[in-house]
Amino acid sequence: MNYINLLTEEIARIQTANSYKFETAFSTPQAGTVTVKGKEVVMLASNNYLGMSNNPVVKKAAIEAIKEYGYGVASVRFICGTQTIHYELEKKISKFVGAEDTILFSSAFAANNAFFPALLNEQLSVETYRDVIYTDALNHASIIDGMRLCKTETLDKKIYRHNDVAQLEQMLEADKSAGYRFKIIATDGVFSMEGDHAHLAELVGLAKKYEALLFVDDCHAIGVVGKTGRGTPEKFGVLGSVDVLSGTLGKAIGGALGGYISGNKKLVEYLRQKARPYTFSNSLPPAIVKASIAAFDLLTKDTSIVKRLHTNTAYFRKEIKGIGFHILDGDHPIVPVMLGEASLAQEMSKALLKAGVYVKGLWFPVVPKGEARLRVQISAALSKKNIDDALTAFETVGKKLKVIS
Ligand SMILES: Cc1ncc(COP(=O)(O)O)c(C=O)c1O
């Protein structure tokens, strides 16, 4: 069969099943409000947690970097794609998250894809080996794909129920004398569909007790979670105790793109040799590197922006519940507003857009059947008026669609 025909059929099928995958084009930067088809709406769907996508200091740093260092580096890191600013950013991230060293990637997706095969596909010693990854059932696709890139002959993957630390401990206990070379516990720090946190203090304890390596993807936590935005480890009092942290520069930290892995100096040195997306893909352009440095500097100098995010989040969570909506409880700016049926989530998302709020619905297969939701994401870029306008729209639309009474 002609491949175009096959793709056309598949696209038609996807469009009916998963229409959330289709894109809206904006004509304004990410901010508290954006313009969609000429209409200004409150943005409640962006990872721009700190409003840094459109922060004048961050933008200026990017513009200056282009003037001083050029537009692109036209190379991978080890050939001629390393500028002094790449090391400067790596040092800055290490200091911020309390790690010995950091290695940059073109995205966190690439970082997660790099880490697992780099470590687990190598013989490293003359002894034969077998490794194991214990992975949370709700881990991000990039962790899942990272594991898929590992050789199946030498790796066991064990999925524990979401945040079920007791089940994870049973697995670790059962494997105590299995003779694994590396045991890795892999988890998101914050789960992007639920807005809940991994139980990091317990996980750090388990990793120590069972001599496992703890890998935490803190993409939705860097700049967001913890009093000073240092991420999930800060919130749970275990800064510096997570073996491997991956993160993104594409959300709170400027929102452009880029990712990193922070951890032990020797691990980072090893990854510079063995991480394939690092070795075989271009390094980050100067504008992103310098803007990310500026973003970390802003965060380090003044944590009021993080405080503002937390205040906005607490306010929205309290008020939306007060109106009568069912949300998943917590304290993260990801606020899932639970609706149940996919059709309702789609209808409500459309009606909210008309009422001046941009928010996306999520449904099966992204979340379990019957748990369709609107995923609200709060930002420090939102003014109180923006949030109040959004709440009014939620109330009006919610009543009209009989979600609330
Ligand atoms: C938990 C998590 N990990 C990794 C990523 C990938 O980040 P990046 O956009 O930097 O590739 C995302 C992005 O959605 C994410 O939510």
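The points below describe the sheets, the helix packing, the ligand shell and two backbone details of this predicted model.

1. The ligand is surrounded by 13 residues, and the closest of these are Ser107, Ala108, Phe109, His140 and Thr248. When the shell around the ligand is divided by class, it holds 8 polar residues, 3 nonpolar residues and 2 charged residues.

2. An open sheet is built from 7 strands, which follow one another in the order 3-9-8-7-6-4-5 with mixed pairing. Strand 3 (101-105) and strand 5 (155-160) each have a single partner strand, so these two stand at the edges and one side of each is left without a neighbour in the sheet. On average, and with direction ignored, neighbouring strands of this sheet are turned by 20 degrees against each other.

3. Within the sheet of 7 strands, the pairing at one end can be followed in detail, since strand 4 (residues 131-136) runs parallel to strand 5 and pairs with it over 6 bridges. Asp136 has Tyr160 of strand 5 as its bridge partner.

4. Two helices that lie across strands of this sheet deserve a separate comment. Helix 7 (residues 200-209) lies across strand 6 (183-188) and strand 7 (213-217), and its direction makes about 155 degrees with that of strand 7. Helix 9 (residues 265-274) lies across strand 3, strand 8 (244-248) and strand 9 (259-263), and runs at about 30 degrees to strand 3.

5. Helix 7 also packs against helix 6 (residues 165-174), at an angle of about 5 degrees and with the two axes 11 Å apart. With angles under 35 degrees counted as roughly parallel, helix 6 and helix 7 are therefore roughly parallel to each other. The contact brings Val165, Leu168, Glu169 and Leu172 of helix 6 together with Glu202, Leu203 and Leu206 of helix 7. By class, the residues of this contact divide into 5 nonpolar and 2 charged, with no polar residue.

6. The second sheet is also open; it has 3 strands in the order 1-2-11, and its pairing is mixed. Strand 1 (33-36) and strand 11 (357-358) have a single partner strand each, so they stand at the edges and one side of each is left without a neighbour in the sheet. Strand 1 and strand 2 (residues 39-43) run antiparallel and are joined by 4 bridges, and the bridge partner of Thr33 in strand 2 is Val42. Helix 14 packs on this sheet, where it touches strand 1, strand 2 and strand 11, and its direction makes about 95 degrees with that of strand 2.

7. Helix 14 (residues 384-400) has a further partner in helix 13 (residues 342-354): the axes of the two helices come within 10 Å and cross at roughly 135 degrees. That angle makes helix 13 oblique to helix 14, and the crossing of the two is right-handed. Met348, Ala351 and Leu352 on the side of helix 13 meet Ala393, Val397 and Lys400 on the side of helix 14. The residues of this contact comprise 5 nonpolar and 1 charged, with no polar residue.

8. Helix 2 (residues 56-69) and helix 11 (residues 286-301) pack with their axes 7 Å apart and at an angle of about 145 degrees, in a crossing that is right-handed. Helix 2 contributes Val57, Val58, Ala61, Ala62, Glu64, Ala65, Ile66 and Tyr69, while helix 11 contributes Pro286, Ala287, Val289, Lys290, Ala291, Ile293, Ala294, Ala295 and Leu298. The contact of helix 2 with helix 11 has 15 nonpolar residues and 2 charged residues, and no polar ones.

9. Two details of the backbone should be checked by anyone reading the loops. Most residues other than glycine have a negative phi, and most peptide bonds are trans. The bond that joins Phe364 and Pro365 is a cis peptide bond, with omega at about 10 degrees, and Pro365 lies in the loop between strand 12 (360-362) and strand 13 (372-377). Glu211, a residue other than glycine, has a positive phi near 50 degrees, and Glu211 is found in the loop between helix 7 and strand 7.

Technical notes:
Residues are numbered from 1 along each chain as its sequence is written. This is a predicted model: local features need pLDDT of at least 70, side-chain atom pairs count only at pLDDT 80 or more; totals for chains, interfaces and linings use all residues. A residue is near a molecule or strand if its C-beta atom, placed from the backbone, lies within 6 Å of it. Ala, Val, Leu, Ile, Met, Phe, Trp, Tyr, Cys and Pro count as nonpolar, Asp, Glu, Lys and Arg as charged, and the others, Gly among them, as polar. Two strands pair if DSSP finds at least two bridges between them. Axes are lines fitted to C-alpha atoms, for helices over the stretch in contact, and angles run from 0 to 180 degrees between N-to-C directions. Two residues are in contact if their C-beta atoms, placed from the backbone, lie within 7 Å. Angles under 35 degrees count as roughly parallel, over 145 as roughly antiparallel, 65 to 115 as roughly perpendicular and the rest as oblique. A crossing is left-handed if the near helix is turned anticlockwise from the far one by less than a right angle, and right-handed if clockwise.
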